[in-house]
Structures are given as structure tokens and as C-alpha cells.
Number of protein chains: 2
Amino acid sequence: MAHSLDTVFAALADPTRRRILGMLLEDDMAVTDVAEPFEMSLAAISKHLTVLTAAGLISQEKRGRVKWCRLEPDALRDASVWMQGFGQFEPVNLDAFERFLESELPGGEKGPSE
Amino acid sequence: MAHSLDTVFAALADPTRRRILGMLLEDDMAVTDVAEPFEMSLAAISKHLTVLTAAGLISQEKRGRVKWCRLEPDALRDASVWMQGFGQFEPVNLDAFERFLESELPGGEKGPSE
DNA sequence: CCTATCGTCAACCGATAGGTTGAATATGGA
DNA sequence: TCCATATTCAACCTATCGGTTGACGATAGG
């Protein structure tokens with residue numbers, strides 16, 4: 001384990017990558033489908049997915065010609081532990097979390113996957 | 001509030017900056033004292049402190065000719081909430097946190113401030 | 001077999017990150 | 001007043017980041 005905090009935090013620093021993680025929270029997705037809502041090339045998304053994989057935040061499995069991306073939330077645990085060391089933050093507040101997810105969407109659009 | 005997740009995570013992605021935060025956990029410090037244990041110029045540390053300040057992770061107050069740096073752990077709350085949205089991580093485990101702090105020190109040395 | 005689709009690779013680009021050095025700007029103290 | 005200390009500024013350098021485009025390999029399907 002122990003994908004370094006360096007790579008985990010660096011991966012999380014990019015809004016595109018955070019948005020991808022949010023999308024994968026709903027479901028596993030193929031690379032092409034991950035890319036669809038973004039106004040950027042498939043190659044760029046492919047690179048982002050590589051970064052997320054390197055950080056351990058997602059895993060990718062190729063079935064046929066489709067590569068499926070799965071969220072690996074456990075990779076966040078180390079980083080979470082590190083952050084918690086700086087203070088007791090209020091217990092998990094999913095409403096606040098959802099506000100974040102929405103505030104990071106571009107157009108005001110909501111649904112990422114269809 | 002709402003220093004962006006971009007800036008907070010980007011600030012946390014650098015090991016020097018995480019180590020500085022760990023040092024400030026023990027006590028407020030002057031810039032020069034923050035810089036002392038690092039093998040890097042004072043100007044470089046000053047830049048790191050600027051990044052941490054911009055992210056809201058620390059505050060700096062000038063008293064006399066000395067600029068004091070104080071940890072602002074609240075800035076981590078938003079990021080923490082975001083991460084918690086991906087999973088319920090085990091309740092605050094300070095032992096694990098201390099292992100991180102130590103594993104990020106360079107030589108095996110422990111005490112940062114004296 | 002031929003072709004369309006899925007995804008990556010390679011080369012390139014501009015912008016930013018993280019470091020250096022040397023000069024500049026306070027401020028404190030003798 | 002003069003000097004040392006504390007910190008930042010400005011210019012510079014190199015490496016990496018995030019994006020592009022076009023070619024490529026692999027697989028699915030008619």
C-alpha cells in the first residue's frame with residue numbers, strides 16, 4: 001500500500017480528476033464514457049486516469065476492448081488519517097459533500113454519466 | 001472561506017509543506033526557525049509558507065521584524081469533508097498519524113523545533 | 001478480411017512549480 | 001548612527017503538468 005501522500009494529494013489537486021472520482025462514485029465506467037462530459041480530448045482524460053491509477057485512487061481493468069475504471073476509495077484512507085491529525089472535524093457530513101460535488105460541476109449540469 | 005480544494009490539495013501535495021504543517025502543530029514559529037531543519041534556502045521556505053497561507057492552511061503575523069506562522073487547521077475541514085464523502089474511514093487514529101509524521105522526516109531525526 | 005471503435009503512445013507546446021542567487025527592505029540593538 | 005538580523009523580491013533555471021494532435025495497436029463485428 002502506501003501510495004505516497006505526494007501522489008494522492010497531487011492527484012486530488014486537479015478539478016477534472018476530482019470530478020472523475022465523483023462520477024465513479026456512482027458507477028464503474030469505461031474510459032470513453034468518463035471522457036464524454038468533458039470538453040477535452042480523450043487522450044487528456046486517459047492521462048488523468050493514469051494519474052489517478054498511479055495514486056491508487058482508481059483501478060482499471062481491461063475487458064475486451066473496453067477498459068473499466070473503478071473507484072478505490074481505500075486509497076484515501078491514509079490521506080484522511082493524515083488530515084484528521086490536524087483536528088477533529090465534524091463527523092461525516094454528506095450534505096456538505098454533495099454541495100462540493102455540485103459546486104465543482106461546470107455548467108450547473110448535474111448528471112455526469114448519461 | 002472556501003479556499004479552493006485545488007489550492008488546499010496542491011499545497012498538501014508537497015512533502016516540505018506537509019512537514020512544515022507538522023512542525024507548526026507543536027508550536028507557532030518564526031520563518032527562520034521553520035527553515036532551520038531544511039536543507040534549502042530561506043527564500044524557498046518563504047515561498048512554501050506563502051503557498052500554505054494562500055491555501056489558508058496557516059496564517060502569518062508580523063510582530064517586530066519577526067513573522068510568526070500559525071497553523072490554521074480549520075482550512076482542512078472542507079477537504080476532509082470532501083474525502084469523507086468517498087468512504088467512512090476509521091475514526092481518528094492518532095497513532096497512524098504520528099507514524100506518518102515520522103515517516104516523512106528525512107534522516108530519522110525526530111524533533112523538528114529544537 | 002475489412003473497418004470502425006477503444007484506448008494509448010509520442011511528440012510537441014505553453015504555463016507553472018520549486019529551487020537557486022543576489023539585492024532590497026524593514027526592524028532591533030549597540 | 002551603524003550594523004546585524006529577518007524576510008521578501010526579482011530574475012533566472014530546469015522539470016513537470018496539463019493540454020493538443022496524429023499515428024498506432026488491439027479488439028469487435030459485419
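**Two DNA strands and a strand pairing**

Biologist: In E3(A), which residue is the bridge partner of A:Lys62?

Modeller: This is a predicted model. Strand E2 (residues 58–63) of chain A runs antiparallel to E3(A). A:Lys62 has its bridge partner in E3(A), and that partner is A:Lys67.

Biologist: How many bridges join strand E2 of chain A to E3(A)?

Modeller: The two strands form a hairpin with two residues between them, and A:Gly64 takes a positive phi near 65 degrees there. E2(A) and E3(A) run antiparallel, and the number of bridges joining them is six.

Biologist: Strand E1 of chain A also pairs with strand E3 of chain A. Which residue in E3(A) is the bridge partner of A:Ala30?

Modeller: E1 covers residues 29–30 and E3 covers residues 66–71, and they pair in the antiparallel sense over two bridges. For A:Ala30, the bridge partner in E3(A) is A:Trp68.

Biologist: Turning to the DNA, which phosphate-bearing strand has an oxygen 2.7 Å from a backbone N or O atom of A:Lys67?

Modeller: A:Lys67 is the bridge partner of A:Lys62. A:Lys67 is also listed among the closest residues to one DNA strand, together with A:Thr32, A:Ser46, B:Lys47 and B:His48. The phosphate oxygen 2.7 Å from its backbone atom belongs to DNA strand C.

Biologist: What is the distance from a side-chain N or O atom of A:Ser46 to a phosphate oxygen of DNA strand C?

Modeller: Of the atoms of DNA strand C within 4 Å of the protein, 67% belong to sugar or phosphate. Chain B reaches a phosphate oxygen of this strand too, through the side chain of B:Ser41 at 2.8 Å. For the side chain of A:Ser46, the distance is 2.2 Å.

Biologist: Which part of DNA strand D lies 2.4 Å from a polar side-chain atom of A:Lys47?

Modeller: A:Lys47 is one of the residues that come nearest to DNA strand D. Sugar and phosphate account for 65% of the atoms of strand D that come within 4 Å of the protein. B:Ser46 has a polar side-chain atom 2.4 Å from a phosphate oxygen of strand D. For A:Lys47, the atom at 2.4 Å is a base oxygen.

Biologist: How many charged residues does the surface near DNA strand D have?

Modeller: Helix H4 of chain A, with helix H3, helix H4 and strand E3 of chain B, each supply at least two residues of this surface. By class, the surface has eight nonpolar and five polar residues, and the number of charged residues is seven.

How values were computed
Residues numbered from 1 in each chain as written. Chains lettered and ligands numbered in written order. Predicted model: local features only at pLDDT ≥ 70, side-chain atom pairs only at ≥ 80, totals over all residues. Heavy atoms only, no water. Near = heavy atom within 4 Å. Polar contact = N/O pair within 3.5 Å; in protein donor to acceptor, adjacent residues only side chain to side chain. Helix = DSSP H or I, 4+ residues; strand = E, 2+ residues; numbered from the N terminus. Nonpolar A, V, L, I, M, F, W, Y, C, P; charged D, E, K, R; others polar. Pairing = 2+ DSSP bridges.
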